[in-house]
Amino acid sequence: MSNELAGTVGLVTGASSGIGAATARRLAADGAAVALVARRKERLEELAQTIRADGGTALVVPADVTQRDEALGAVAAAVEEFGRLDTLVNAAGVMFNAPSLDIPLDDWEMMVDLNLKGVLYLVKGALPHLLAAAETEPRRVADVVNISSIAGRFARATVAGYNATKFGVSAATEAWRQEFTKRGVRFSVIEPGATATELFVQRDYMADYASALLSDLEQLRTEDIADAIAYIVENPRRIAVAEIVLRPIDQA
C-alpha cells in the first residue's frame, strides 16, 4: 500500500466487477477508504474482504444507481460512515449493441438509466461533499472521474443507444469541469477502447458484435483503466486532467 490518498474517501460505482472493482482495489491500496457501490452484494462483500486483507478500508453499499433514492442514499451512506467524500468514480455501465430495428427498446432504456442518469444522480448527490472536501486537508482538492468510452467520441452503426449515453457522459463531464474546477473539484472523463470486462457477455445477441470487434485484438485490462484513474486523482492540486483516451494498440 502507498499513502498517496491517505485520509481521503472514495466512492466507486460498478464495484462488483470490471473497471469498478479494479479501481476500488487501486484506490484502497493507495490509502483511501472506499465505498463499494453496486447491486451484487455478494461480490461486493468478496471485494471488501480482499481489500481489508490487504490492509485497506472498505464499506459495502448495495444499491441500484438507476434508482434516484438508492443512488443518493449510497452517497449518504459513505459520508455517514467515513465523514467526508474526496473522490467519486462512476464506473457502472452496460453496453447493448445491435441493429436498431432489432434491439429491444428496454435495452436502450436500461443504458440511459444506468450509463447516463446514474451518473447524474451520483454527481448531484456527491457535489456538496466534494466541494467541502476540496476546502480541507489532506489534499484540498476533490475529484470526479466518469468512465465514458471511445463510443463517446465516435458514432458507429448499430451503436446508437450506447453512443447516445456515452456522448452524454463525456459532454456532461466537460460542462461540470468548466463549472467546478476553479472551486477545487476536478472533473475528468476516461474513454477506453475495448477492455476485458463483462460488457460483451451481457446479452446473447452481443456475440456476433463482440466476435467482430475483438477478433485478434488484445484488449485493455481493467487495471490499465484503474492506473489512469489513480494518475488523475493523485496528481498535485495544480494539475487537472480533463480527458484520457485509452485504446488497445491493435484497435484502429
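**Exercise 1. Determine what share of the chain's contacts with a separation of 6 or more comes from residues 24 or more positions apart, and then describe the overall build of the chain.**

Solution. In this predicted model, residues 24 or more positions apart account for 72% of the contacts in the chain with a separation of 6 or more. The next step is to list the secondary structure, which comes to 7 helices and 7 strands, and read from the N terminus the elements follow the order β-α-β-α-β-α-β-α-β-α-β-α-α-β. The radius of gyration is 17 Å, close to the 18 Å that the globule rule gives for 252 residues, so the chain is as compact as a globular protein of that length. Along the principal axes, the C-alpha atoms fill a box of roughly 50 × 40 × 35 Å. Turning to the surface, 54% of the 252 residues are buried, while the accessible surface comes to about 11600 Å², with 49% of that area belonging to carbon and sulfur atoms.

**Exercise 2. Establish how strands E2 and E3 are joined, and give the handedness of the crossover between them.**

Solution. Strand E2 covers residues 33–38 and strand E3 covers residues 57–62, and the two run parallel, joined by 6 bridges. Within this pairing, Ala38 stands opposite Pro62 in E3. Following the chain from E2 to E3, one passes through helix H2, residues 41–53, and this β-α-β crossover is right-handed.

Helix H2 also holds Thr50. Because its relative accessibility is 39%, which lies between the limits of 20% and 50%, Thr50 counts as partly exposed. The C-alpha atom of Thr50 is separated by 8.4 Å from that of Arg25, although the two residues are 25 residues apart along the chain.

**Exercise 3. Decide whether Thr13 is buried or exposed, and work out which backbone atoms its side chain reaches.**

Solution. Begin with the location: Thr13 is found in strand E1, which spans residues 9–13. Its relative accessibility is 2%, and because the limit for a buried residue is under 20%, Thr13 counts as buried. For the polar contacts, a polar atom of the Thr13 side chain lies 3.0 Å from the backbone nitrogen of Ala91, and the side chain of Thr13 also reaches the backbone nitrogen of Ala92, at 3.1 Å. Finally, when neighbours within four places in sequence are left aside, Thr13 is in contact with Gly20, Val37, Val65, Val89, Asn90, Ala91, Ala92 and Leu122; Ala91 and Ala92, whose backbone nitrogens appeared in the previous step, are thus among the residues in this list.

Notes:
Residues numbered from 1 in each chain as written. Predicted model: local features only at pLDDT ≥ 70, side-chain atom pairs only at ≥ 80, totals over all residues. Heavy atoms only, no water. Pairing = 2+ DSSP bridges. Helix = DSSP H or I, 4+ residues; strand = E, 2+ residues; numbered from the N terminus. Right-handed = clockwise from strand over helix to strand, strands pointing away. Buried < 20%, exposed > 50% of the residue type's maximum accessible area, 1.4 Å probe, protein only. Polar contact = N/O pair within 3.5 Å; in protein donor to acceptor, adjacent residues only side chain to side chain. Contact = heavy atoms within 4.5 Å. Rg over C-alpha atoms; globule rule 2.2 N^0.38 Å. Areas by Shrake-Rupley, 256 points an atom, 1.4 Å probe, with all protein chains shown as cover.
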